[in-house]
Amino acid sequence: MDLRYSEEYEKFRQAARAFLADNWPPPEDGGELGPRERAARFRERAIECGYLARAFPRRYGGSEQEPDVLRGMVIRQEFGRVGAPMDVGVPGAQLMGTLLEHGTEEQKQRYLPASIRGELAWCQGYSEPGSGSDLASVQTRAELVGNEWVINGQKIWTSGAQQADMIYLLCRTEPDAGKHAGISYLLLDMKQPGIDVRPLRQMDGTGHFSEVFFDDARTPADQLVGKRGEGWLVSRSTLKHERNTVGDLQMYHRHLENLVELARTTIRDGRPALEDPTIRQRLAELDGYVKVMEYSGYRQLTCSARGEDPGTVVPMNRLATTKIEFLVANLGLELIGDSGLEAPSRMPFGDTAGSWARQYMWVRAYAIAGGASNIQRNIIGERALGLPRDFAAQKSR
Ligand SMILES: Cc1cc2nc3c(=O)[nH]c(=O)nc-3n(C[C@H](O)[C@H](O)[C@H](O)COP(=O)(O)OP(=O)(O)OC[C@H]3O[C@@H](n4cnc5c(N)ncnc54)[C@H](O)[C@@H]3O)c2cc1C
């Protein structure tokens, strides 16, 4: 098996490197532009040269390239290496994929170009206090009054709600229809009196997400994506866009290398922790996991490159990366010892102990966000192993 990129892709890599050397970081602008505007300017240039927004037609602000997952991977590696802005991530990316598939021409023209450049920031209003894994049980209501939808209810865990300009929302518009049939997918302006954003403080002291309350919030009737009552179908395409992407496979190697470095520089009983046979054994085990993950990632990538559906390889990789990141962070916390007890928000950024403590807390989210680990296990059990459907899911139909 030859895992090297072919000459064509290595040439493409060199071209991407040359582009980055010329364009990132952008020249000083006298401090007039904020980080979001600077990133938008860079994205504009990268789109012109065919590096970003490759799947989007030119008429909607994309660079309209031939689909090529390997080129996409090279771009992620090279842009990631120098910390340059890439295509906007979830949740904006999900919305854009969905608009392309289900949006009206007016919605595409209006939202795609600015969203692609990152000038228009989105948040995702799916989860509610009683509706997470069982998303179809959403209770937030929208009623068509004249030419407007009037929305009442509550969302929770809404990432980036404080900074977002717009929200895409799943809400119940047909209260008498069945569970999945009564949902619609709406687009709303976040800056309006009927929306109250209350940030949630996380255990690491930061505020990644918020509760969002809707009290007679409004949006025009034409801000419905797909048909009325078919929001469940529309939301499925959103998740498909998220689930089929394979992340930066080198990232797991980098995290493991950082851990080895931490073990090398941590002194325990007068010698580096790396000399402790039990620590070495755990690092060797992790090295095995990371290598297996890399190959499994290539398997997913190869399927996508051939235009085949990677199927249950996707949730399997998701579970594996969650586990690896969890084990790496746990050993990191053990190595930093007592300083891990201090709240990471009180440790300066760049501080090694602070970043390991933060990482230890943050990896818990991987097992929940975008589909909890048990849900991934259910998918593997049902679709790969042919087991009967989950009892709880059957009951909620
Ligand atoms: C970092 C982060 C960012 C997020 N950002 C957003 C966002 O921007 N917008 C948004 O709408 N939501 C967001 N979420 C919410 C996320 O989608 C939900 O937390 C997730 O769907 C799980 O729902 P829940 O929290 O209600 O947990 P629950 O669904 O109540 O699950 C609780 C536990 O029960 C298990 N469980 C549930 N059902 C089953 C089943 N059928 N079989 C077996 N086990 C089951 C789960 O695995 C889990 O362990 C975010 C979450 C995180 C952690």
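**Entry 1: the cores**

I started with the largest nonpolar core, which has 64 residues; Tyr51, Phe79, Tyr185, Leu187, Leu259, Leu283 and Leu335 touch the most other members. I then checked which helix gives the most to this core, and it is H8, residues 277–305, with 7 residues. There is also a second, separate core of 17 residues, and I noted Cys123, Leu169, Phe214 and Ala217 among its members. Reminder to myself: this is a predicted model.

I picked Leu187 for a contact list. Skipping its neighbours within four places in sequence, Leu187 is in contact with Leu95, Leu99, Gln107, Tyr111, Trp122, Met166, Ile167, Tyr168, Thr219, Gln223 and Val225.

**Entry 2: Leu188 and Thr158**

Next I moved one along to Leu188, which sits in strand E5, residues 183–189. Buried or exposed? Its relative accessibility is 0%, so Leu188 counts as buried. Not counting residues up to four places away in sequence, I found Leu188 touching Ile151, Asp165, Met166, Ile167, Leu169, Ile195, Phe214, Ala217, Arg218 and Thr219. I also took a C-alpha distance: Leu188 and Val150 are separated by 10 Å, with their positions 38 residues apart along the chain.

Thr158 came after that, in strand E3, residues 148–159. Thr158 is at 0% relative accessibility and therefore counts as buried. Beyond four places in sequence, the contacts of Thr158 are Cys123, Gln124, Ile167, His208, Phe209, Ser210 and Val212.

**Entry 3: helix pairs**

I looked at H4 (residues 92–102) against H5 (residues 105–117): the angle is about 155° and the axes are 10 Å apart. The cut-off for roughly antiparallel is over 145 degrees, so H4 and H5 are roughly antiparallel to each other. Their crossing is left-handed. On the H4 side the contact uses Met96, Leu99 and Leu100, and on the H5 side Gln107, Lys108, Tyr111, Leu112, Ser115 and Ile116. I sorted the residues of this H4–H5 contact by class and got 6 nonpolar, 2 polar and 1 charged. Looking back at Leu187, I see Leu99, Gln107 and Tyr111 among its contacts too.

How do H7 and H10 cross, and at what angle? The axes of H7 (residues 250–265) and H10 (residues 352–366) come within 13 Å and cross at roughly 130°. That angle makes H7 oblique to H10. I logged the crossing of H7 and H10 as left-handed. H7 brings His255, Asn258, Leu259 and Leu262 to the contact, and H10 brings Thr352, Trp356 and Gln359. The class split for H7 with H10 is 3 nonpolar, 4 polar and no charged.

The last pair I opened was H1 (residues 7–23) with H3 (residues 69–82), where the axes come within 10 Å and cross at roughly 35°. H1 passes H3 in a right-handed crossing. From H1 I listed Glu8, Tyr9, Phe12, Arg13, Ala16, Arg17, Phe19 and Leu20; from H3, Leu70, Arg71, Val74, Ile75, Gln77, Glu78, Phe79, Arg81 and Val82. By class, the H1–H3 contact holds 10 nonpolar, 1 polar and 6 charged residues. Phe79 also turned up in Entry 1, in the largest nonpolar core.

**Entry 4: backbone oddities**

Most residues other than glycine have a negative phi, and most peptide bonds are trans. So I went looking for exceptions.

Which peptide bond has omega near -5°? The bond from Trp24 to Pro25 does, and it is cis. Pro25 is in the loop between H1 and H2, the latter being residues 35–48. A cis peptide bond also joins Val90 and Pro91, with omega about 5°. Pro91 is in the loop between H3 and H4.

On phi, I flagged Asp216, which has a positive value of about 55° without being a glycine. Asp216 is in strand E7, residues 209–220, and at 40% relative accessibility it counts as partly exposed. Asp269 has a positive phi as well, near 45°. Asp269 is in the loop between strands E9 (267–268) and E10 (271–272). With 82% relative accessibility, Asp269 counts as exposed.

**Entry 5: one lysine**

Before closing the file I checked Lys227, in the loop between strand E8 (224–225) and helix H6 (231–243). Lys227 has 57% relative accessibility and therefore counts as exposed. C-alpha to C-alpha, Lys227 and Tyr60 are 22 Å apart, and they are 167 residues apart in sequence.

Technical notes:
Residues are numbered from 1 along each chain as its sequence is written. This is a predicted model: local features need pLDDT of at least 70, side-chain atom pairs count only at pLDDT 80 or more; totals for chains, interfaces and linings use all residues. Side-chain values use heavy atoms; hydrogens and water are left out. Axes are lines fitted to C-alpha atoms, for helices over the stretch in contact, and angles run from 0 to 180 degrees between N-to-C directions. Helices (H or I, at least four residues) and strands (E, at least two) are DSSP runs, numbered from the N terminus. Angles under 35 degrees count as roughly parallel, over 145 as roughly antiparallel, 65 to 115 as roughly perpendicular and the rest as oblique. A crossing is left-handed if the near helix is turned anticlockwise from the far one by less than a right angle, and right-handed if clockwise. Contact means heavy atoms within 4.5 Å. Ala, Val, Leu, Ile, Met, Phe, Trp, Tyr, Cys and Pro count as nonpolar, Asp, Glu, Lys and Arg as charged, and the others, Gly among them, as polar. A nonpolar core is a set of buried Ala, Val, Leu, Ile, Met, Phe, Trp, Tyr and Cys residues joined through side-chain atoms within 4.5 Å. Buried means under 20% relative accessible area, exposed over 50%, partly exposed in between (1.4 Å probe, protein chains only).
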